[in-house]
Structures are given as structure tokens and as C-alpha cells.
Amino acid sequence: MKKIRLAIVGIGNCASSLVQGIEFYRRQHTPRVKEALGLMNYEIGGYKPQDIEVVCAFDIDKRKVGLPVKKAIFQHPNCTKLITNHLPTPNTLVQMGEILDGVAEHMKEYPDNRTFMPSLAKSVDVVKELKKSGAEVLISYLPVGSSKATEFYAEACLEAGVSMVNCMPVFIASNPVWAKRFADRGIPIIGDDIKSQVGATIVHRTLAKLCEDRGVKIDRTYQLNTGGNTDFLNMLNRSRLTHKKISKTESVQSQFAERMHADNIHIGPSDYVPWQNDNKVAFIRIEGRGFGNIPLHMEVRLSVEDSPNSAGVAVDAIRCLKIARERKLKGPLFSVSAYLMKHPPRQYSDSVAKKMVQEFIAGKRRD
Ligand SMILES: NC(=O)c1ccc[n+]([C@@H]2O[C@H](COP(=O)([O-])OP(=O)(O)OC[C@H]3O[C@@H](n4cnc5c(N)ncnc54)[C@H](O)[C@@H]3O)[C@@H](O)[C@H]2O)c1
């Protein structure tokens with residue numbers, strides 16, 4: 001079976017879970033139902049998770065740059081739970097990327113083991129390295145608020161002819177100007193801002209849709225999130241959060257036939273709690289009225305490990321891009337982005353989007 005040649009930008013917790021997860025599934029030898037544990041799809045277009053091969057990697061942290069990916073993923077400040085530490089690969093070295101706006105000012109105020117430590121090394125020629133590695137898909141795990149860095153790597157993808165899975169909330173696939181540039185260049189793209197396997201967004205969307213479908217009028221709702229990884233630390237700087245808030249809020253708003261007033265819907269990262277590490281806790285509250293105008297209140301507390309939760313979705317996005325390239329598709333994949341991303345170019349309910357993705361995988365639709 002052919003491999004999928006992957007480039008990763010940002011060797012943080014999400015990259016760590018993705019790389020460990022690929023190895024975890026490689027060790028499951030025979031494709032039986034039980035091996036599909038934790039996956040939405042064991043095979044996509046004939047590709048299994050273990051067919052993803054990391055051929056290129058970029059970061060800016062001095063503890064990661066220069067190390068093989070299989071070691072870099074275990075360096076501070078990464079703190080996600082171990083899936084497996086038996087990693088013969090990837091031996092691909094992490095190369096110095098462009099820092100640009102990747103590191104927020106306030107990150108300097110935290111202990112080394114908790115924060116980013118930018119390297120002073122000179123950045124490599126990213127386009128040249130992408131071409132040299134033969135990467136077909138680049139997955140971006142840049143920190144929230146890295147607009148310039150995201151645009152820099154999107155440009156590099158366009159120049160090198162590489163597809164992009166944009167897991168973070170700077171809008172590329174859902175920005176018509178960027179989307180057209182990818183389409184004109186003949187490159188498929190998926191984005192933006194990855195939706196976790198079962199995370200706060202999909203739970204909140206599903207509950208909102210449930211109320212809507214069963215005639216309950218939602219008056220107010222919130223989603224408060226706490227966590228102790230660098231993603232949460234970075235998001236303490238509220239000025240970096242504009243797109244994250246839009247992405248998370250729109251993801252829920254899109255499920256209502258009538259938009260809620262902005263004062264009545266509050267969704268966002270709420271605090272950084274260091275001892276939580278990569279554990280994320282979401283508190284969701286929905287207040288509504290049902291039959292006869294009688295109130296209904298709902299409280300949900302969801303506790304998840306943040307990064308494996310996103311990697312379970314990333315393995316599908318990467319494989320969908322590979323088959324899109326084989327089918328010579330270009331521009332945003334609307335179906336896959338709607339199911340796997342919080343801020344896709346077009347929003348659909350998750351049940352509709354799931355059906356569209358199945359049709360896409362089966363070759364019955366081209367977007
Ligand atoms: N469930 C999830 O974990 C989830 C869900 C949705 C979106 N996301 C988004 O995915 C992104 C990655 O999340 P994470 O938890 O892995 O973050 P992280 O903080 O663990 O990792 C970010 C990595 O990027 C590196 N970096 C910073 N600036 C860089 C630059 N200019 N070039 C290259 N590398 C750079 C850092 O050194 C670090 O290794 C975040 O934007 C996050 O919001 C995550």
C-alpha cells in the first residue's frame with residue numbers, strides 16, 4: 001500500500017498524540033473490528049492510520065528543533081497522556097520554522113516546563129524543505145493567534161503544491177480568497193479549527209440541535225473550558241482569541257434556525273489550570289423553554305484528554321486529503337471540513353455532514 005507523506009507544523013501536544021496514535025494502530029496487525037477502537041474509520045480509500053508517514057516537521061522551540069520527531073514529541077512543555085513510547089519512527093528531524101507571531105509575549109512569564117522557549121537558530125527554507133521531502137499534506141498545529149505564521153505556511157503550501165489541514169482558528173479554507181487560491185493552484189484543503197472526536201463543540205452542538213429539533217426554545221447558553229496545556233496558557237492573552245471565539249461560537253450558532261442574541265451565548269476558553277495538563281474540562285449550560293413555556297435547564301460536565309481527542313479526527317482529515325489528491329480535486333472539501341472542523345466554509349448539522357463524508361469517501365461526491 002502507498003503511504004501518505006505528511007508534514008507537521010508545530011510539534012506540540014496534538015502532534016504528539018497524532019504520531020503516537022499512528023504507531024499504536026500500526027501495532028494492531030489484523031484489521032478486525034476491535035482494532036478500529038477509537039477510530040471513526042479504520043480505512044479511508046484503502047488507507048489505514050499507519051499509512052501516514054511523517055516526512056517533514058517544523059517547530060521553533062529550542063528543545064524540539066534538531067531532534068527526530070519521535071523524541072521531540074516528548075519534550076517540555078508537551079504534557080499529553082502517553083499512548084505508546086515504543087516509537088521506532090519518525091526519525092525525520094524537526095527543522096526551525098519562522099517564528100513570526102507564533103509566540104505570545106505573556107508566554108515568557110511562565111516556568112520553562114510550561115511555556116515555549118524559542119530557538120535562536122536561523123529558519124530553514126520551508127518551501128524548499130517541503131518540496132525536498134515530497135510532502136503531500138501539511139497539518140498545521142500552530143498556536144491560536146498565529147495569523148502571520150499560518151498565512152506563511154499556507155503560502156508555502158501553495159508554492160510547494162502541498163495540501164493543508166488547518167487545525168487552528170485562523171481562517172484559510174473558510175476564507176474565500178485563500179480558498180480560491182488553493183482551488184486555482186489545483187490543491188485540495190480542509191479547515192478550519194479541528195473539531196475533536198467527542199469534545200465540547202460537538203457535544204454542545206448536538207445538545208443545541210436536540211433542543212431545536214424537539215421544539216425547545218433555547219434562551220441562554222454557555223460553554224466554559226479549563227485546561228493546563230500550552231494551548232490554554234497561550235489563550236490567556238485575550239487579544240489572540242478573536243478567531244477562536246468566532247469559530248467556537250459559530251459552530252453552535254449554526255445549529256439554530258434563528259440566531260441567538262450575542263449576549264445570550266457565551267463560548268470560550270475560560271482559564272488555565274496548570275495541574276490539569278492536557279485534560280480539558282468543559283462546563284456546558286443550556287437554559288430553555290419547552291411545552292407550555294415551562295423552563296428546562298441542562299448542565300453537562302465533560303472531561304477529556306484534549307490532544308488525542310483531536311488526533312482521532314486528524315487521521316481522517318489527512319486520509320481524505322490524500323484521496324482528494326488522487327481524484328484531482330481542488331479547493332476546500334466542503335463535506336469533510338463540515339464534519340471535522342469547527343469553522344468550515346459551509347456549516348451543516350453533524351448528521352448531514354457525516355452522510356456527506358461517507359458519500360465523499362465512497363467516491364459519490366467530489367466536494
Ligand atoms: N483538541 C485539541 O487539542 C484542539 C482542538 C481544536 C484546535 N486545536 C488547535 O490546534 C493547535 C495546536 O494545539 P496543541 O495543543 O498541539 O498546541 P501546543 O501549544 O501544544 O503546540 C504548538 C506548537 O507550535 C510550536 N510553534 C509555535 N510557533 C511556531 C511557529 N511559528 N512555527 C512552527 N511551530 C511553532 C510550539 O513550539 C509548539 O510546539 C492550537 O491552535 C489549538 O487551539 C486543538
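**Entry 1: helix α8**

I started with α8 and asked which of its residues are buried. In this predicted model, I found Lys 244, Ser 247, Lys 248, Ser 251 and Val 252 buried in α8. I then looked down the axis. These residues cover an arc of only 125°, which puts them on the same side of α8. Next I looked for what they pack against. The partners of the buried residues of α8 are α6 (200-213) and β8 (265-272).

I also checked the length of α8. The helix runs over residues 242-253 and has 12 residues. At 1.5 Å a residue it should span 16 Å, and its end C-alpha atoms are 16 Å apart, which agrees.

**Entry 2: helix α6**

α6 turned up as a partner of α8, and I went there next. I counted 14 residues in α6. From first C-alpha to last, α6 reaches 20 Å, close to the 20 Å expected at 1.5 Å a residue.

Which residues of α6 are buried? I noted Ala 200, Thr 201, His 204, Arg 205, Ala 208 and Cys 211. Seen down the axis of α6, they fall within an arc of 130°, so they line one face of the helix. I listed what covers them. The cover includes β7 (217-227), α8, β9 (279-289), β10 (295-305) and α11 (350-361).

I followed the chain past the end of α6. Gly 215 comes after the helix, and its phi is positive, near 80°.

**Entry 3: two domains**

I looked up the domain assignment. It gives domain 1 as 4-196 + 308-361 and domain 2 as 200-306. I wrote down the distance between their C-alpha centres, 25 Å.

How many residues are in contact across the two domains? I found 31 residues of domain 1 in contact with 29 residues of domain 2. On the side of domain 1 that touches domain 2, helix α9 (residues 306-326) gives the most, with three residues. I sorted that side of domain 1 by class. It has 12 nonpolar, 12 polar and seven charged residues.

**Entry 4: around the ligand**

I turned to the ligand and found 37 residues surrounding it. The closest are Gly 10, Gly 12, Cys 14, Gly 102 and Met 168.

Which element gives the most to the shell around the ligand? It is α9, with four residues. I had already met α9 on the side of domain 1 that touches domain 2. At least two residues of the shell come from each of α1 (13-26), β2 (52-59), α7 (230-234) and α9.

I checked the domains too. Domain 1 and domain 2 each supply at least three residues to the shell. By class, I noted 18 nonpolar, 13 polar and six charged residues around the ligand.

**Entry 5: two cis peptide bonds**

I searched for cis peptide bonds next. One runs from His 76 to Pro 77, with omega near 5°. I placed Pro 77 in the loop between α2 (69-72) and β3 (94-96). Another joins Thr 89 and Pro 90, with omega about 0°. I found Pro 90 in the loop between α2 and β3 as well.

**Entry 6: positive phi without glycine**

I looked at Leu 100. It is not a glycine, but its phi is positive, about 45°. I located Leu 100 in the loop between β3 and α3 (126-133). Is Leu 100 buried or partly exposed? I counted 17 other C-beta atoms within 10 Å of Leu 100, which makes it partly exposed.

Asn 277 was next on my list. Its phi is also positive, about 45°, and Asn 277 is not a glycine. I found Asn 277 in the loop between β8 and β9. Asn 277 counts as buried because it has 20 C-beta neighbours inside 10 Å.

**Entry 7: Asn 175**

I ended with Asn 175. Where does it lie? I found Asn 175 in the loop between β5 (163-166) and α5 (176-184). With 18 other C-beta atoms within 10 Å, Asn 175 is partly exposed. I took one distance from here. Asn 175 and Gln 253 are 78 residues apart along the chain, and their C-alpha atoms are separated by 19 Å.

Key:
Residues are numbered from 1 along each chain as its sequence is written. This is a predicted model: local features need pLDDT of at least 70, side-chain atom pairs count only at pLDDT 80 or more; totals for chains, interfaces and linings use all residues. The expected span of a helix is 1.5 Å times one less than its number of residues. A residue is buried if 20 or more other C-beta atoms lie within 10 Å of its own, exposed if 12 or fewer, and partly exposed in between; C-beta atoms are placed from the backbone. The arc is that of the directions from the helix axis to the C-beta atoms. Two residues are in contact if their C-beta atoms, placed from the backbone, lie within 7 Å. Domain bounds come from an automatic or database domain assignment. Ala, Val, Leu, Ile, Met, Phe, Trp, Tyr, Cys and Pro count as nonpolar, Asp, Glu, Lys and Arg as charged, and the others, Gly among them, as polar. A residue is near a molecule or strand if its C-beta atom, placed from the backbone, lies within 6 Å of it.
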